[in-house]
Amino acid sequence: LPIFRGIYIDPISGFIKIAQRSDFSFFQEYKDFKTAKNNLEKYKENILKLEENVQNILFEIKNIINSIHEESLIISKNINLILKSIKFLFKHFSFQEEQECRIIRTENIESNNVIYDKKTQRSFIEYNTLDDKSYIRNVYIGKAAGLYLTNLIKNISSSPKDLPKIKISENPYNVIEMLKDINLD
């Protein structure tokens with residue numbers, strides 16, 4: 001599945017940062033200092049261009065949302081559907097140190113890959129995962145999933161490793177509201 005870089009955004013200032021490799025990783029990969037430094041500089045130039053492009057696109061999206069958001073509830077719902085595929089790429093800037101990339105997969109609801117859980121009344125797509133949970137160090141769950149915190153702790157604690165740090169995220173997850181209020185001027 002494709003992997004997408006996370007986009008960390010400060011809604012107050014409009015500052016964005018795209019998830020990226022650490023500088024040090026270049027010096028680990030390329031043993032020659034000069035080669036590592038040159039590749040790092042090229043990489044940073046590309047990241048800056050990406051961030052500028054994302055900034056411009058967000059500015060355009062904000063203008064569109066602000067111009068039609070108040071006009072119609074139907075249009076607002078359609079905007080949410082259009083942005084649904086990308087809204088999971090955005091996180092509050094306070095999580096920027098994660099430098100997270102995500103796998104996002106969308107399917108039609110009729111697809112056999114979509115599983116419906118009657119108990120929670122939610123649909124999801126199951127990914128193949130490892131049974132070994134020992135690699136888990138930190139777990140951040142969304143506010144809506146806070147109801148399942150006990151079950152999550154129980155599941156993770158079955159690992160022989162010490163229980164990881166588990167925290168309910170303060171990350172605002174409504175991308176439309178976040179984009180509507182962002183200062184991009």
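A residue counts as partly exposed when its relative accessible area falls between the limits for buried, under 20%, and exposed, over 50%. I103 has a relative accessible area of 44%, so I103 is partly exposed. Please keep in mind that this is a predicted model. Below, we start from I103 and its surface patch, then turn to K91 and to the aromatic rings.

**The patch around I103**
- You will find I103 in strand β5, which covers residues 101-103.
- On the surface, I103 joins I3 and Y127 in a nonpolar patch.
- Together, the three residues I3, I103 and Y127 offer about 290 Å² of accessible area.

**K91 and its partners**
- K91 belongs to strand β4, made up of residues 90-92.
- With a relative accessible area of 9%, K91 falls under the 20% limit and is therefore buried.
- The side chain of K91 has a polar contact of 2.5 Å with the side chain of E98.
- A polar contact of 3.3 Å links the side chains of K91 and E100.
- K91 also lies over the face of F95, at 5.0 Å from the ring centre.

**Aromatic pairs**
- How many aromatic pairs does a search of the whole structure find? The search finds three, and two of the pairs, F26 with Y43 and F27 with F33, are described here.
- The ring centres of F26 and Y43 are 5.0 Å apart and the ring planes meet at 55°, so this pair is tilted.
- F26 sits in helix α1 (residues 23-29) and Y43 in helix α2 (residues 33-68), so their pairing ties together parts that are 17 residues apart in sequence.
- Are the two partners buried or exposed? F26 counts as buried at 3% relative accessibility, and Y43 counts as buried at 14%.
- F27 and F33 make a tilted aromatic pair too, with 5.1 Å from centre to centre and 35° between the planes.
- In this pair, F27 is partly exposed at 27% relative accessibility, while F33 is exposed, with a relative accessible area of 55%.

**A charge over F26**
- F26 has a further neighbour to look at: the charged end of R21 sits over the ring of F26, 3.9 Å from its centre.
- To view this part of the model, you can start at F26, whose ring pairs with that of Y43 and lies under the charged end of R21.

Terms used:
Residues are numbered from 1 along each chain as its sequence is written. This is a predicted model: local features need pLDDT of at least 70, side-chain atom pairs count only at pLDDT 80 or more; totals for chains, interfaces and linings use all residues. Side-chain values use heavy atoms; hydrogens and water are left out. Helices (H or I, at least four residues) and strands (E, at least two) are DSSP runs, numbered from the N terminus. Buried means under 20% relative accessible area, exposed over 50%, partly exposed in between (1.4 Å probe, protein chains only). A polar contact is a pair of N or O atoms within 3.5 Å; within protein, one must be able to donate a hydrogen and the other to accept it, and residues adjacent in sequence count only if both atoms are side-chain atoms. Patches are made of residues with over 30% relative accessible area and no salt bridge: like charges are joined within 9 Å, nonpolar side chains (Val, Leu, Ile, Met, Phe, Trp, Tyr) within 5 Å. Accessible areas come from the Shrake-Rupley method with a 1.4 Å probe; for residues, only the protein chains shown count as cover. A salt bridge is a side-chain nitrogen of Lys or Arg within 4 Å of a carboxyl oxygen of Asp or Glu. Rings of Phe, Tyr and Trp (its six-membered ring) pair if their centres lie within 6.5 Å; planes under 30 degrees apart count as stacked, over 60 as edge-to-face and the rest as tilted. A charge sits over a ring if NZ of Lys or CZ of Arg is within 6 Å of the ring centre and within 35 degrees of the ring normal.
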